[in-house]
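Student: Could you take me through one part of this model in close detail? I would like to hear about the nonpolar surface patch and what surrounds it.

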Amino acid sequence: MIKRLPSVAWSVLGIAIALSIVVPIIQAAAPLIIAIIGAVTISFIAWRLVTFYIARRNFRDTD
């Protein structure tokens, strides 16, 4: 257990350094990420509505 301690400490230090680099990048990119998710969601909903409307109209034409 004592021999493993230095490697655990180095792992924790590495994770802390990686997080200190990655977290500010994510925070800076958050508005862009939210905008992309919103645009994709709105596009998907619009596509579903259009396909539903076209399918319904085509079904009505066959009656």
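Tutor: Happy to; here is the patch, set in its wider context. This is a predicted model, in which local features need pLDDT of at least 70 and side-chain atom pairs count only at pLDDT 80 or more, while totals for chains, interfaces and linings use all residues. Residues are numbered from 1 along each chain as its sequence is written, and side-chain values use heavy atoms, with hydrogens and water left out.

The protein has 1 helix and 0 strands (DSSP runs: H or I of at least four residues for helices, E of at least two for strands, numbered from the N terminus). W10, L13, I17, I21, V22, I25 and I26 make a nonpolar surface patch of about 730 Å². Such a patch joins nonpolar side chains (Val, Leu, Ile, Met, Phe, Trp, Tyr) within 5 Å, from residues with over 30% relative accessible area and no salt bridge, that is, no side-chain nitrogen of Lys or Arg within 4 Å of a carboxyl oxygen of Asp or Glu. Areas come from the Shrake-Rupley method with a 1.4 Å probe, and for residues only the protein chains shown count as cover.

One of the patch members, I25, lies in helix α1 (residues 5-62). I25 counts as exposed because its relative accessibility is 55%; the cut-offs are under 20% for buried, over 50% for exposed and partly exposed in between. Buried residues make up 0% of the 63 residues in the protein. The protein exposes about 5900 Å², and carbon and sulfur atoms supply 78% of that area.

Notes: Patches are made of residues with over 30% relative accessible area and no salt bridge: like charges are joined within 9 Å, nonpolar side chains (Val, Leu, Ile, Met, Phe, Trp, Tyr) within 5 Å. Buried means under 20% relative accessible area, exposed over 50%, partly exposed in between (1.4 Å probe, protein chains only).
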